[in-house]
Amino acid sequence: MPKFYLTTAIDYSNGDPHLGHALEKVGADCIARYRRLRGDQVHFLMGMDEHSQSVLQAAARAGVPPQEWVDRMASRFAEFWARLECSNDDWIRTTEPRHFRSVTELLQRIQRLNSDDLYVSEYEGLYCTGCEEFKQESQIVDGHCIEHPTLELIPTRERNHFFRLSRYGDRILDLISSGTLRVEPAIRRNEVVRLLQGGLQDISVSRLRQPWGIPFPGDPDQTVYVWFDALINYLSATGFPEPGYEQRWPADLHVIGKGITRFHCVIWPAMLLGADLALPREVWAHGYVQWEGTKMSKTAGTAVTLDEAIERHGPDALRYFLLREVGFEADGNFTWERFDERYTADLADGFGNLASRTLAMLAKYRGGVVPSAAGATSLDELRQRAQAEYVLFMDALDLRGGAEAAWTSVSAANLYVQQTAPWALAKAGKDSELDQVLTALARALCSLAIMTAPFMPAKAQALWEDLGMEGNVADAKWTAAENPAVDGRSTRKGSVLFPKPATV
Ligand SMILES: [Zn+2]
């Protein structure tokens, strides 16, 4: 089984998670579930970035020690990700001893292997506390950070340790151009390439006497810069530097937001090259969730809480809506109106109706048992075409395309019910034809349970059980979608998958 090590960005513990965080975690979870379905040995990492200045400020505002604050926030985030059915195998926090050890070792490795890469110098610049980084002129609009227009940039001057990033630009450019380090989607890759072609400046990798963070090896007056610290989490979680970490490292996919592409596609690869470690294979930078045209973020203010969005139609519907409508490749809009429309059209009237009418007909005409009817129907052909498209899209991390492909199967099956009119076949006593139709529909539903499981794990499981399939749909392999083994299964009408809410 090929290994697939997948990570999400770790989040600042300075406030509750919002829809923007949710899009990333749900998208990565969808990919993790899909890779398991395809037979990969998946290791899925999520976690918390706990050393930033914004965390320290949030703890001070709440009047609690920082450790107590980050403990509280970590359980709060974990609770949300559990509600949204994230199937992460590990959960890393940058305040953990395993991470301290890994950060210290990585810096010492750079000192040992490329001692010239780290040096002490004076730095002066404008610091954004939202990004936790010095901003360059190109990143400043009207005197403010592009990402944080409501925050003031802070003029800062101090003596720090520097990393010779400028040395690595050409090598990273070559690695990206040759596809050794894949950066997707293409719009993000082009940005990174332009950045690299423009030449890189060395970066400060320590801050003077920060009370909250990891001491710089060999210089306890200095604290490791929070971004340098945070990026290393992906390596810490593999057990680095303990033997055996290479079984997991390098990461096969880093899923991040487009605002932190530079850190992941330029600085992180350079750090790894400096330490003579393997580079991640791919970075996927998703867009932002827009609410009335504005990015969802703590500092931009939130118009809708994640809790409200989950409560609206349940966690599975939110997962589906985020990946199908908002999308995982560019910025997308979230509105209640669109959410309600999609819920009604795609889920209640589309997928849900197909499941309930098929299971009802099986109960009414065949005592709930799926008949054994050999031979492919026109619906089977359409199902197989949808499955092939689904695989192409999902392999390319086009989650919206994957969902659309699955829904062509939903539409085809609903149309098939209308065209074949099983009730008329029953009335006319055309038993073998009715068997064919009902079996083809059961096969379509079984395949849909498998294809929708990465998007809507709980609803897919409910359908799986209603179809009389054993075990967990999350453990199913792709061959089960290609050859749905439904003949002779005892189905049940079950509960309505997507009830229509009174408010819609
Ligand atoms: Zn900023």
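P250 is placed in the loop between helix 8 and strand 15. In this predicted model, the peptide bond that joins W249 to P250 is cis, with omega at about 5°. The loop that follows helix 8 (233–236) and leads to strand 15 (253–257) also holds P241. A cis peptide bond joins F240 and P241, and omega is about 5° there.

**The four-stranded sheet**

One open sheet consists of four strands in the order 6-5-9-11, and its pairing is antiparallel. Strand 6 (133–135) and strand 11 (203–204) form the edges, each pairing on one side only. The pairings within this sheet are set out below, each with a pair of residues that stand opposite each other or are bridge partners.

| Strand pair | Bridges | Residue pair |
|---|---|---|
| strand 5 (residues 118–128) and strand 6 | three bridges | Y127 and F134 |
| strand 5 and strand 9 (residues 154–163) | ten bridges | E124 and R157 |
| strand 9 and strand 11 | two bridges | F162 and S204 |

Strand 5 is thus joined to strand 6 by three bridges and to strand 9 by ten. In the second of these pairings, E124 stands opposite R157 of strand 9. Towards the other edge, strand 9 runs antiparallel to strand 11, where S204 is the bridge partner of F162. As a general point, side chains in a regular strand alternate between the two faces of the sheet.

The connection between strand 5 and strand 6 is a loop that contains E132. The phi angle of E132 is near 60°, a positive value in a residue other than glycine.

**The three-stranded sheet**

A further open sheet is built from three strands in the order 12-14-13, again with antiparallel pairing. Its edge strands are strand 12 (206–208) and strand 13 (215–216), and each of them pairs on one side only. Two bridges hold the antiparallel pairing of strand 13 with strand 14 (residues 219–224). F216 stands opposite D219 of strand 14.

**The cavity**

Which residues line the largest cavity? The lining consists of H51, Q53, Y127, E132, R207, Q210, W212, G213, T223, V224, Y225 and V226. Several of these residues have been placed already or can be placed by their numbers. Y127 is the residue opposite F134 in strand 6, and E132 is the loop residue with positive phi. R207 falls in strand 12 (206–208), while T223 and V224 fall in strand 14 (residues 219–224).

By class, the lining comprises five nonpolar, five polar and two charged residues. The space in the largest cavity comes to about 80 Å³. The structure holds one cavity of 30 Å³ or more. In general, empty space is revealed by rolling a probe the size of a water molecule over the atoms.

**The contact of helix 11 with helix 12**

How are helix 11 and helix 12 oriented to each other? The axes of helix 11 (residues 315–326) and helix 12 (residues 336–366) come within 10 Å and cross at roughly 100°. Angles of 65 to 115 degrees count as roughly perpendicular, and the two helices are therefore roughly perpendicular to each other.

From helix 11, the contact involves A317, L318, Y320, F321, R324 and E325; from helix 12, R338, F339, R342, Y343, D346 and L347 take part. The residues of this contact divide into seven nonpolar and five charged, with no polar residue.

Notes. Residues numbered from 1 in each chain as written. Predicted model: local features only at pLDDT ≥ 70, side-chain atom pairs only at ≥ 80, totals over all residues. Heavy atoms only, no water. Pairing = 2+ DSSP bridges. 1 Å grid on protein atoms, 1.4 Å probe; cavity = no way out; pocket = protein on both sides within 12 Å on 5 of 7 lines; lining within 4 Å. Points joined across faces, edges and corners; volume = space filled by probe spheres on them. Nonpolar A, V, L, I, M, F, W, Y, C, P; charged D, E, K, R; others polar. Axes fitted to C-alpha atoms, helices over the stretch in contact; angles between N-to-C directions. Parallel < 35°, antiparallel > 145°, perpendicular 65-115°, else oblique. Contact = heavy atoms within 4.5 Å.
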